[in-house]
Amino acid sequence: MSTLTEATSATASAEAAPGREWRPPSYWPFVIPALVVVLAIIVFPWLFTIWMSFNEWKVGSPTTFVGLANYVRLPNDPRFVEAVGHTVVYTALSVLLPVILGTFAAVVFHARFPFRGILRAIFIMPMMATPVAIALVWTMMFHPQLGVLNYLLSLVGIGPQLWVFHPATVIPSLVLVETWQWTPLVMLIVLGGIAALPTEPYESAQIDGAGIWQMFRYITLPLILPFVFIAAMIRTIDAVKSFDIIFAITQGGPGSASETINVYLYSVAFVYYDLGYGSAIAVIFFALIIVLAAVLLYLRQRTLWTEIGPGA
Amino acid sequence: MSARQLLGKVGLGFAVFVIVSPAILFFLWMASLSVKFEVDNAAYPPVFIPEHFAWKNYADVVASNRFLTYFRNSLVVTGAATLLAMLVGVPAGYGIARMAAHKSAVVILIARITPGLSYLIPLFLLFQWLGLLGTLWPQIIIHLVVTVPIVIWIMIGYFETTPIELEEAALIDGATRWQVFRHVALPIAKPGLAVAFILAVIFSWNNFVFGIVLAGRETRTLPVAVYNMISFDQLSWGPLAAAALIVTFPVLLLTMFAQRQIVAGLTAGAVKGG
């Protein structure tokens, strides 16, 4: 926040200082090329999608304006309703697990130990690696007969599982991949928060004889909570629109047991080529994400105020 | 006290082991799958280090009919999308930072949270109408959806931290805004440029969803090509794992050597987001 105000005042003084005649907003030429690109490939698709959602539009047949008919279809489409349910479950689990594990990992990585740099690089590899390549190997590991995961389970006396090949276990199995992949991002964000913590509270706590757990519970955790919250927020938005892993491993199956909104949107638009209805799903999905982001931002503001207090 | 310290060290070591081993074991297993013959890949209990290494899995992948085409496609799409994004995104980040136009950054933020699929329907129709399908252009253009916001976002953050005094001095000496940007701001911003470049390359290289819709047989990028291999030869795990490793290897290498830039870039958006 401080950088923001500094930048504002600095620019204001820059414009006041020369004291010559009024200058045109001369930074515009820097922005215009990007503005054109953003309008063409980002803003135009948004508007076009909204317009298309009011039309019956299948590839190869003429377009007809149908008003809100595509939107009326949504609540009456059992597959869409089911997809919403899957998305909620998938998202909740894919936020909760990485946030808990990532916070723990951040605390661990804050400590000093040998090879920390290399180990941290290895730790963040899952989120940088090509998702499809990762999904391919996980598919092999999930294989009920030949997969290494069932072998590992057998070592601890647990019977073989069907993983992504059974409707009841497919979402938890995909969440396992998502957690493995995205815990590092939570770790990085929270680690950034821990690194900025003051050392004095710890010194006085140590003098008072506090243990590691007490220091974490009563000093670290309250102070890093805003960062944990940001991480949870980013994770929520990414998990809702997760696509690559789900699509590459199960294509929404078995049946439609792991079909989330995003995967269903793909099917409607690019398997059935029902572009009007697909656009309506895209608009609702987009609105949902915006609302979600706004709610999370609002909650974050509130936690910030209660954590730091109005004096900050 | 020293017994307690020892216990702390052992505990820490154990915690590090627990946290890092899923990543290490996964990539080791991936490598193991890629160098085994089918007999070893189908063995129970699983074989970790085989008696005979199947290096031919890699040779098979590289020699397979279109692999080099797909590799070239990936290079062209990622290269062009990144360079174009740097070309328009770096000046834009500078302009937005200097105008303190923070509202415009919201557009970038919304672009970041929009699902990629929702760009695909209108742009797919547009490319079809323009007759571009079947070339690499649709993919280069749509990858800009990924790379441009990354570059602008990171450069706004970076230019906000570079000192403005030098630029003011140069302006008073009669330099144009462009000269100031080119000779004063840009050289200082090199570390930021590296961060933006690396992240744009990685996220474009990894992108999958745009390719499955827009790529034809000849215009697939590597992630799409690997995905198509899954459906065709489900049973030959060795070559499949080898292909997967080849696709993701450049990114893993980059992560190893540019870890600091990647970490800085990924946390910049998050921590400065308030």
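**A walk through a predicted two-chain model**

A:Y273 sits in the loop that runs between α12 and α13 (275–308) of chain A. The model is predicted, and this residue is a convenient place to enter it. Is A:Y273 buried, partly exposed or exposed? A residue counts as partly exposed when the number of other C-beta atoms within 10 Å lies between the limits for exposed, 12 or fewer, and buried, 20 or more. A:Y273 has 14 such atoms within 10 Å and is therefore partly exposed. Its backbone has a positive phi of about 50°, although the residue is not a glycine. Most residues other than glycine have a negative phi, and most peptide bonds are trans.

Chain A has a further non-glycine residue of this kind. A:F115 has a positive phi of about 60° and is not a glycine. It belongs to the loop between α4 and α5 (116–128) of chain A. A:F115 counts as exposed, because it has 11 C-beta neighbours inside 10 Å.

The peptide bonds of chain A also include a cis one. It joins A:G253 to A:P254, with omega at about -5°. A:P254 is placed in the loop between α11 (244–249) and α12 (261–270) of chain A.

The helix that follows this loop, α12(A), is mostly covered, with eight of its 10 residues buried. Which residues of α12(A) are buried? They are A:I261, A:N262, A:V263, A:Y264, A:L265, A:Y266, A:V268 and A:A269.

From these local features we can step back to chain A as a whole. The chain has 13 helices and two strands. Of its 312 residues, 41% count as buried. Among the contacts in chain A with a separation of 6 or more, 71% are between residues 24 or more positions apart.

How far the predictor trusts chain A varies along the chain. The average pLDDT is 85, and 88% of the residues score at least 70. Among the elements of chain A, helix α4 (residues 78–110) has the highest mean pLDDT, 95, while helix α1 (residues 2–16) has the lowest, 43. Over residues 1–19 of chain A the pLDDT stays under 50, and the model has 15 contacts for this stretch beyond four places in sequence. The pLDDT also stays under 50 over residues 306–312 of chain A, where the model has four contacts beyond four places in sequence.

Chain A does not stand alone. How many residues of chain A are in contact with chain B? The count is 75 residues of chain A, set against 78 residues of chain B. On the side of chain A that touches chain B, the largest share, 14 residues, comes from helix α2 (residues 28–52) of chain A. By class, the residues on that side are 62 nonpolar, 10 polar and three charged.

Chain B offers two helix packings that involve α13(B). Two packed helices are described by the angle between their axes and the distance between the axes. In one packing, helix α3 (residues 56–63) of chain B meets helix α13 (residues 237–257) of chain B at an angle of about 70°, with the axes 8 Å apart. That angle makes α3(B) roughly perpendicular to α13(B). The crossing of the two is right-handed. On the α3(B) side the residues are B:N57, B:Y58, B:D60 and B:V61, and they meet B:G238, B:P239, B:A242, B:A243 and B:I246 in α13(B). This contact consists of six nonpolar residues, two polar and one charged.

The other packing pairs α13(B) with helix α10 (residues 190–206) of chain B; their axes come within 10 Å and cross at roughly 155°. Angles over 145 degrees count as roughly antiparallel, and α10(B) and α13(B) are therefore roughly antiparallel to each other. Their crossing is left-handed. Here B:I198, B:I202, B:W205 and B:N206 in α10(B) meet B:P250, B:V251 and B:L254 in α13(B). The contact has six nonpolar residues, one polar and no charged.

The last stop is in a loop of chain B. B:Y44 lies between α2 (38–41) and α3 of chain B. With 11 C-beta neighbours inside 10 Å, B:Y44 counts as exposed. Its C-alpha atom is separated by 14 Å from that of B:L33, a residue 11 residues apart from B:Y44 along the chain.

Conventions. Residues are numbered from 1 along each chain as its sequence is written. Chains are lettered from A and ligands numbered from 1 in the order in which they are written. This is a predicted model: local features need pLDDT of at least 70, side-chain atom pairs count only at pLDDT 80 or more; totals for chains, interfaces and linings use all residues. Two residues are in contact if their C-beta atoms, placed from the backbone, lie within 7 Å. Helices (H or I, at least four residues) and strands (E, at least two) are DSSP runs, numbered from the N terminus. Ala, Val, Leu, Ile, Met, Phe, Trp, Tyr, Cys and Pro count as nonpolar, Asp, Glu, Lys and Arg as charged, and the others, Gly among them, as polar. Axes are lines fitted to C-alpha atoms, for helices over the stretch in contact, and angles run from 0 to 180 degrees between N-to-C directions. Angles under 35 degrees count as roughly parallel, over 145 as roughly antiparallel, 65 to 115 as roughly perpendicular and the rest as oblique. A crossing is left-handed if the near helix is turned anticlockwise from the far one by less than a right angle, and right-handed if clockwise. pLDDT is the predictor's confidence in each residue, from 0 to 100.
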